[in-house]
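User: Please choose one part of this model and take a close look at it, setting out what is buried and what is exposed there. After that, place it in the setting of its own chain and of the partner chain, in one connected account.

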Amino acid sequence: MANSDTLGKYTVAYALSLAVVSVLNGLLVILKETHEESVLALMKRLTGHHWITHGIFVIIAFVVLGWLFSRANGGRGIQIPVPRLIGLLVAATVVGGALIAGFYLIEG
Amino acid sequence: MVGGLEGLMMVHVLFGMLCIVAAVWVFVDVLNVSEANIARIRMLSVAVAVFMWLAYLIGGYWYVTQYYADKAIILKGPWPWAHNFFMEMKEHVVLGLLLLTTYLPIAAASNLVANKSARTLVLWVVGLIALIGVAMDGSGAIIGVGVKVGLLPH
């Protein structure tokens, strides 16, 4: 019987995916804005607008990473203490936002 | 059809505000979780995600097809930073907010009555949603004023 204070594998997997993608989101902003001729231009070509491509990338990454994390450990999902999971999620959300805000504060 | 597009922006803001209100409601309900309100928490968690997706899709459509005109006004006006910082920041931070709201129903599907860890997780997620949501709302207001001051004689 599962411990009542543990989380389900999808709850953990998609929390980790959310953490990873939050940081990736910030890094992609910096990458595309500092490589306008290559990355930004490619993102514009793919969908007609860089922001649409950016959104699709982020959403697909979230879904795929969450699914992969839920398949780890022979299908039991990634095991991580809940306080560490929450800390990672909050820290990644803050870091992702800070990367974006910090970049535009400096470059804007 | 200017009136229709202005209405679209108001609907965008409306769904954003509904998302924040529903998130705060979830926060308070989780603090007082019991068998009596667990179904409401799960329903409201889905509502948070649906409101956010509607705000994102409507705002996104407007941003991609209409914002260029406002952007030009802002950049020629006295508040160019309303675009250079607030709009640029908002259009990307909102993607993180979209994922947080999408994740909320997954976290809220846990047994929140018996599981303290799940409650803590949901409280953090929904707290972040409310805080970032308010920041996005404030940024939107600054962008709107950026257009307004750009249209004033200067």
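Analyst: A residue is taken as buried if 20 or more other C-beta atoms lie within 10 Å of its own, and as exposed if 12 or fewer do. With that cut-off in hand, and bearing in mind that this is a predicted model, the part to look at is helix H3 of chain B, residues 67-76, in which Tyr67(B), Asp70(B), Lys71(B) and Ile74(B) are buried. These four cover an arc of only 105° around the axis, which puts them on the same side of H3(B). The general background is that an α-helix has 3.6 residues a turn, so residues three or four places apart point the same way. The other side of H3(B) carries Tyr68(B), Ala69(B) and Lys76(B), which are exposed. As for what the buried side faces, its residues pack against H2, H4 and H5 of chain B.

The helix belongs to a chain whose secondary structure comes to five helices and zero strands, so that the pattern along the sequence reads α-α-α-α-α. Of the 154 residues of chain B, 45% count as buried, and its C-alpha atoms fill a box of roughly 60 × 30 × 20 Å along the principal axes. Among the contacts in chain B between residues at least 6 apart in sequence, 80% join residues at least 24 apart.

The helices that receive the buried side of H3(B), namely H2, H4 and H5, appear again where chain B meets its partner. There, 27 residues of chain B are in contact with 32 residues of chain A, and the elements of chain B that give two or more residues to its side are helix H2 (38-65), helix H4 (81-108) and helix H5 (116-151). H4(B) supplies the largest share, 15 residues. By residue class, the side of chain B that touches chain A divides into 17 nonpolar, seven polar and three charged residues.

One helix pair across this boundary can be described in detail. Helix H4 of chain A, residues 82-107, and H5(B) pack at an angle of about 5°, with their axes 10 Å apart, and the two are therefore roughly parallel to each other. H4(A) contributes Val82(A), Ile86(A), Leu89(A), Val90(A) and Thr93(A) to this contact, while H5(B) contributes Ser117(B), Thr120(B), Leu121(B), Trp124(B) and Leu128(B). These residues divide into seven nonpolar, three polar and no charged.

On the partner's side, chain A has four helices and zero strands, running α-α-α-α from the N terminus on. Its radius of gyration is 16 Å, whereas a compact globule of 108 residues would have one near 13 Å, and its C-alpha atoms fill a box of roughly 55 × 30 × 15 Å along the principal axes. Of the 108 residues of chain A, 37% count as buried, and 75% of its contacts between residues at least 6 apart in sequence join residues at least 24 apart.

A last local detail lies in the loop between helix H3 (50-71) and H4 of chain A, where Asn73(A) is found. Most residues other than glycine have a negative phi. Asn73(A), although it is not a glycine, has a positive phi of about 55°, and with 11 C-beta neighbours inside 10 Å it counts as exposed.

Key. Residues numbered from 1 in each chain as written. Chains lettered and ligands numbered in written order. Predicted model: local features only at pLDDT ≥ 70, side-chain atom pairs only at ≥ 80, totals over all residues. Contact = placed C-beta atoms within 7 Å. Nonpolar A, V, L, I, M, F, W, Y, C, P; charged D, E, K, R; others polar. Axes fitted to C-alpha atoms, helices over the stretch in contact; angles between N-to-C directions. Parallel < 35°, antiparallel > 145°, perpendicular 65-115°, else oblique. Rg over C-alpha atoms; globule rule 2.2 N^0.38 Å. Arc of directions from axis to C-beta.
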